[in-house]
Amino acid sequence: LVRTILDGRLVRDAVQLHNGDTIFGELTEAPDPAASRSEFFLQRFGVRTRADRTPITVAVDDAVAVSFRDHERAERPGRDRVVWLGFGDGSLLAADAIDADSRTVRLTLACGQQVTRPADEAWEDVQFVQPIGAGIDYLSDRIALGYQHSPFLELKRPLGIDRNVLGGRLRCAGEVHLKGLGMATTSRVVFDVTEADRRFAAELALDDEAGRLGSAVFRVFLEKEQDGAAAEWHAAYTSEIVRGGDAPRPISIDLTMTKRIALIVDFADHGDRRDYANWLNARFLP
């Protein structure tokens, strides 16, 4: 559900419960509004699954996540969300705009509503800030030309899209990263490069799921245009051995005259044991 919230694909409001169920509908007041609020906080709310039915009552303590359908985005063409905010309780918030001065911080939410907080309190519980727009084009938002994994033994693993290769969140050095690619060793993924893509950047690390047992080598190949000749592939970057527990290593590669880019992960020590490689925030920059 969290990925669906971030991708903005919901056509109805949604509530995810602790037991794993998800209720889709329209959020309303609780059917018993007189008892739905204590002196200080909301205790329960309603979810109308059909227009001809009474809303289902949901206790706030039973909900893990709530997503509001973007009712107004269709009426605001050309406007993109610019940032994700992550909070200490694990919740995520997508904002269209952040306006701050010495006294207040005002967030414009995707639904068009604004939230204003005193500047000295606004960032107390914010754990990370992840830009969305501003010229950043994440590879995980593009369609790969091809992906191939040649396993050391028999288990083939898929490409992780904003996930590690095991399907979990991208986690490195105890921190969660929302964008990036997860790959097993002896795997390769290829993307087109447009004229607007001037640089490729990422942070390289093994996922925390590897503990201190994994080891991998990251490689970048570029297919560059040649004057009067066919484009050819060239090695643009080869990392030192990246081991489990190492801090993420930033890279930045010039893409001048590049048509395609290939990201490759090779094993180093002990075959492919826990080689859960992450290309954190893999992105094209203008």
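## A first look at a strand-rich predicted model

Asp137, Arg142 and Asp197 are joined to one another in a network of salt bridges. That network is a handy place to start a tour of this structure, which is a predicted model. Across the whole structure, a search turns up 13 salt bridges.

**The overall picture**

Stepping back for a moment, the protein contains 2 helices and 24 strands. Of its 286 residues, 38% are buried. How large is the accessible surface of the protein? It comes to about 16000 Å², and carbon and sulfur atoms account for 49% of it. Contacts across the sequence are worth a look too: taking those between residues at least 6 apart in sequence, 63% join residues at least 24 apart.

**Salt bridges between strands**

Now let us return to the charged pairs. Here are three of the salt bridges, each with its N to O distance.

| Acidic residue | Basic residue | N to O distance |
|---|---|---|
| Glu203 | Arg283 | 3.2 Å |
| Asp266 | Arg219 | 2.6 Å |
| Asp246 | Arg249 | 3.2 Å |

Begin with glutamate 203 and arginine 283, whose closest N and O atoms are 3.2 Å apart. Glutamate 203 sits in strand β18 (residues 199–206) and arginine 283 in strand β24 (residues 277–285), so this pair ties together parts of the chain that are 80 residues apart in sequence. Are these two partners buried or exposed? Glutamate 203 has a relative accessibility of 17% and therefore counts as buried. Arginine 283, at 16%, counts as buried as well.

The next pair is arginine 219 and aspartate 266, whose side chains meet in a salt bridge at 2.6 Å, N to O. This pair also links distant parts of the chain, with arginine 219 in strand β19 (residues 215–226) and aspartate 266 in strand β23 (residues 258–267), 47 residues apart. Arginine 219 is partly exposed, because its relative accessibility is 26%. Aspartate 266 is partly exposed too, with a value of 22%.

The third pair in the table brings together the side chains of aspartate 246 and arginine 249. Aspartate 246 counts as partly exposed at 24% relative accessibility, and arginine 249 is likewise partly exposed, with a relative accessible area of 24%.

**The surroundings of arginine 199**

Strand β18, home of glutamate 203, also holds arginine 199. At 31% relative accessibility, arginine 199 counts as partly exposed. Which residues does arginine 199 touch, leaving aside those up to four places away in sequence? They are Ser252, Ile253, Asp254, Leu255, Arg283, Phe284 and Leu285. With phenylalanine 284, the C-alpha atoms are separated by 5.7 Å, even though the two residues are 85 residues apart along the chain.

**Two residues with positive phi**

Two residues stand out for their backbone angles. Asparagine 281 is not a glycine, yet it has a positive phi of about 55°. Asparagine 281 belongs to strand β24 and is buried, with a relative accessible area of 11%. Arginine 274 is not a glycine either, and its phi is positive at about 55°. Where is arginine 274 placed? It lies in the loop between β23 and β24. Arginine 274 is partly exposed, its relative accessible area being 38%.

**Patches on the surface**

Finally, have a look at the outside of the protein. Asp89, Asp120, Glu124 and Asp125 form a negative surface patch. One of its members, aspartate 120, lies in helix α2 (residues 119–122). Is aspartate 120 buried or exposed? Its relative accessible area is 60%, and because exposed means over 50%, aspartate 120 is exposed.

A nonpolar surface patch is found as well, made by Ile98, Trp123 and Val129 and covering about 250 Å². Valine 129 is part of strand β10 (residues 126–131). With a relative accessible area of 49%, valine 129 is partly exposed; it is not called exposed because that word is kept for values over 50%.

How values were computed:
Residues numbered from 1 in each chain as written. Predicted model: local features only at pLDDT ≥ 70, side-chain atom pairs only at ≥ 80, totals over all residues. Heavy atoms only, no water. Patch = residues over 30% accessible without salt bridge, like charges linked within 9 Å, V, L, I, M, F, W, Y side chains within 5 Å. Areas by Shrake-Rupley, 256 points an atom, 1.4 Å probe, with all protein chains shown as cover. Salt bridge = Lys/Arg side-chain N within 4 Å of Asp/Glu carboxyl O. Lys, Arg positive; Asp, Glu negative; His and termini not counted. Charge placed at Lys NZ, Arg CZ, Asp CG, Glu CD. Helix = DSSP H or I, 4+ residues; strand = E, 2+ residues; numbered from the N terminus. Buried < 20%, exposed > 50% of the residue type's maximum accessible area, 1.4 Å probe, protein only. Contact = heavy atoms within 4.5 Å.
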